[in-house]
Structures are given as C-alpha cells and as structure tokens.
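Good morning, colleagues. I should like to take a few minutes to go through the secondary structure of one model and how its parts pack together. Please have the display in view as I speak.

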Amino acid sequence: MLDGAVRSGKTLNIVQKIPQIFDAIGNDNLKVFSGYSKSTVRNNVLIELKPFIENYLGGQVKYNSSSGELDIKLWGKVYNCLVVGGGKSDSAAAIQGGTWDFWYANELPQHHYSFYNMALSRLTPANARAFADSNPESSNHWLYQEKIKPYLENDKDIKDVFEYWHFTMRDNANLSDVFINNQEKLYQGAFKARKIDGLWIVADGLVYDTFSASKHTLKHIEIINKINQNEILEYFLGIDWGWNHPTACLLLGIDRKGTYYLIDELYASKIEADAVIEWINQKQTEYKRFFSFANCDNARPEQNEKLRNNTNLVIYEEKPKVEDSIALVRSVINYDNLIVSDKCGHTLNEFETYRYPNEEERLRASVQADMPIKINDDCMDALRYGLYKHLTTFNQQRSFNTIKC
C-alpha cells in the first residue's frame, strides 16, 4: 500500500508497475480496479494507465464506462478487468461471487468497509495481489487502525501480509517549490499535516484558526468608501437557508487585487424567501450597486426559485463538499485576501466559535470526527457557498483547489 500526501505520485507509481504485475500473475482470472465510484477510477487511474500502455508499451486499452468492463491487451495477451465503485453501503453486493487475482483500490479510505472486506475475500488464487493508494484521513479511520498503525508498531502478523510505503508532497520531484508553498497556504494544523506531510491525524480546534479580527476586519465606513471610490468591482451573495436555525445571507465583493470583502449580512430565524428578496433589493439600492449572483443552499429549492423569479440575480444551487470549500476559504484568509466589515457581527462571532469536535465529542456516534460541529455555522456555510462559487467559476486564476492523486 502507498499512502501519504496529495500530489506525491502514489497513483503513477502503481500504474507503471501494473503491466509487470499482470505479466507475473497471468490472465486466468479477473482483475479489478475500484474507487469511490467508477468515475473516480476513470479520472484518477485510467487517465494515466491508458497512455502508458498504448504509447509506451504498444498495447491496447478498451473501456466500457457503462458496464465497467476493461480489456487490456499487452504482449499478445488479453487481460479481462472490471472497474467498480466501492464507496457506498451497498457496493459490496455488486462483487459477490467473483474470483480475482488482482485488485487495485484507488483512494482506499473512500471505500465502504463492507466493500473492502468483500474484495479481500475475492482474492482466492495463491498468486493474487492487492494494491492500494491512500490520502490520509483521521487516525480513527478503520484503515489506519487495522493496517497502518499495527504496521508502524511492528506487528509481525500484519507485516507478513502487508507492505507499506509512505510519501510526502516533496517526494514528487515534478512539483515546484512555488506549488508546494502555495499548497501549504491552503491548510493549517491537522489538514496541513495530512495534505502536505501525509500524516494520519485527527482534526480539532478552530476551523479558521488563522483568521485575525485585527488583521481581517475593517470598519464599515471604510468599506463604504471603497465602494464609493469604485474599488470593489463585483458583488455577489452566499445564502444558507434556515428556519429554526437562522437563515444567513452574506453580501460579498471583490476588488481588482483579488481581495474579497464581506460587506453586509442578513441573519434571522423563521424568515421566508420574501424577506431575503426584500433585503437583497434594499441593499442594491443602499449601495447603489448591482449584485451578479447568489449561490444558495440547495436544500430549499422552492426558496431559490422565488429568488430566481423575483430578483435580477443569477441563482446557483451548488453545495460544495465541506472539506474542499473550507480549504478554499482558508487559503483566502491565509493570503490575507478576506476583509470582513465590523458590521457583520454574527459572522465575526462564528469565526471565533466554528470548530472541530474535541475528543469527548468524537466519541459520540452522532459526531463525525473530521467535520466541523454543526452549531453556529450558518454564516460560515453562507460564506463557503459564495466564495467557493466565485473562486471556482469566475476567479479560477486565484483558486488554489487541490487536485487529488
């Protein structure tokens, strides 16, 4: 198994050994490639494997994305393979009854535990081999607890059947120091240890622990001056719908230097879309500026449709993955590219309280270890929605999004 930092070359290392492994095993039994889904295998593995086999080794690769059937012709032999998804609770049902002599699990921690156990039981031939790559997650993950930790503690039974190689981002000679330094800006604490150093570690503490009220806050009148002097070029919103929990609607802007400004906030419980529409229209009049779009929580499509029909905004309903969007918000903060108006008191309060669970809380079944606690996070969610959409769609040159491998 190869594990460690993102972009450290783990997948490519395995891909380039596959032809040699196939030649040694033979083509009598099925060979299986798995990932969270078939699409992730295609995007992470086949995109590397196909040109390597065809361009460097003169072989052929044929893949049926619907059925997952993968035929690899190499050195006069045809190897029958199958691509499957292993990330869901019912994924194991699709692989019952097969006999495999090769299994490559891409991003093994993303596989469901039942699939993992079923896959191991399919490797019955004496010459069967399993390979996997992994980006680190929490040290509470089953993969770390069952395989990696015992290996590191020199458990003889594990070492008899399990080989382990660890990588950091700096092990990839193709990555420049500039790229690595930029990646380091994305993360702090536990997530820096995972993404850069490749360590399995539990996240805790404040999510945005580099946010500084003294550095990243500005008096509202000073932001008004920037608006009046046309320093802020574009205005957009992030909206997190609530009812008993408050609805949070944040007005954001960006200047020509790429600095984002959190200009104003609406924060209220038990309000409908009509109140949000009224607030948006009022703020466009107050600031004498046109707002270009809003990215909204997709859990309330009927509310989003009201906004679409009753404002002049383009309405998006893209709810990004929490970890990915937190990384982007963190990068904006770490580069000192986020300024918050002192008028936005609820958002400033959440910056000081938005955190990961502590050890006691992680022991509770209802708390997911590496997700921030779902308390007082309404403005944080709205901020993620707005910034993530702008960075990934309209401001990609400033997006420091991580590409997994």
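How many residues lie between β4 and β5 in their hairpin? There are two residues between these strands, and W75 in the turn has a positive phi of about 55 degrees. I should say at once that this is a predicted model.

Let me stay with β5, residues 77-85. Strand β4, residues 69-74, is joined to β5 by six bridges, and the two run antiparallel. L74 stands opposite K77 in β5. Strand β5 also has strand β2, residues 30-35, as a partner; here five bridges are found and the strands run parallel. Within that pairing, F33 has V83 of β5 as its bridge partner.

I turn next to helix α5, which spans residues 142-152. Its buried residues are W142, L143, Y144, K147, I148, P150 and Y151. As a general reminder, an α-helix has 3.6 residues a turn, so residues three or four places apart point the same way. The buried residues of α5 pack against two strands, β1 (2-4) and β7 (129-134), and against two helices, α4 (113-122) and α6 (156-161). After α5 comes N154, with a positive phi near 65 degrees.

The next topic is an open sheet. It consists of seven strands with mixed pairing, in the order β10-β16-β13-β12-β11-β14-β15. At its edges are β10 (217-218) and β15 (314-316), each of which pairs on one side only. Inside that order, β11 (residues 232-240) and β12 (residues 247-255) pair in the antiparallel sense over eight bridges. One of the residue pairs is I239 with its bridge partner C249 in β12. Helix α10, residues 220-228, packs on this sheet and touches β10, β11, β13 (260-268) and β16 (338-341). The direction of α10 makes about 120 degrees with that of β13.

Finally, a pair of helices. How are α13 and α16 oriented relative to each other? Helix α13 (residues 322-334) and helix α16 (residues 378-394) pack at an angle of about 80 degrees, their axes being 9 Å apart. The two are therefore roughly perpendicular, since angles of 65 to 115 degrees count as such. From α13, the contact is made by V322, D324, S325, I326, L328, V329 and V332. From α16, the contributors are L383, R384, L387, Y388, L391 and T392. By class, the residues of this contact comprise nine nonpolar, two polar and two charged.

Notes
Residues are numbered from 1 along each chain as its sequence is written. This is a predicted model: local features need pLDDT of at least 70, side-chain atom pairs count only at pLDDT 80 or more; totals for chains, interfaces and linings use all residues. Side-chain values use heavy atoms; hydrogens and water are left out. Axes are lines fitted to C-alpha atoms, for helices over the stretch in contact, and angles run from 0 to 180 degrees between N-to-C directions. Helices (H or I, at least four residues) and strands (E, at least two) are DSSP runs, numbered from the N terminus. Angles under 35 degrees count as roughly parallel, over 145 as roughly antiparallel, 65 to 115 as roughly perpendicular and the rest as oblique. Contact means heavy atoms within 4.5 Å. Ala, Val, Leu, Ile, Met, Phe, Trp, Tyr, Cys and Pro count as nonpolar, Asp, Glu, Lys and Arg as charged, and the others, Gly among them, as polar. Two strands pair if DSSP finds at least two bridges between them. Buried means under 20% relative accessible area, exposed over 50%, partly exposed in between (1.4 Å probe, protein chains only).
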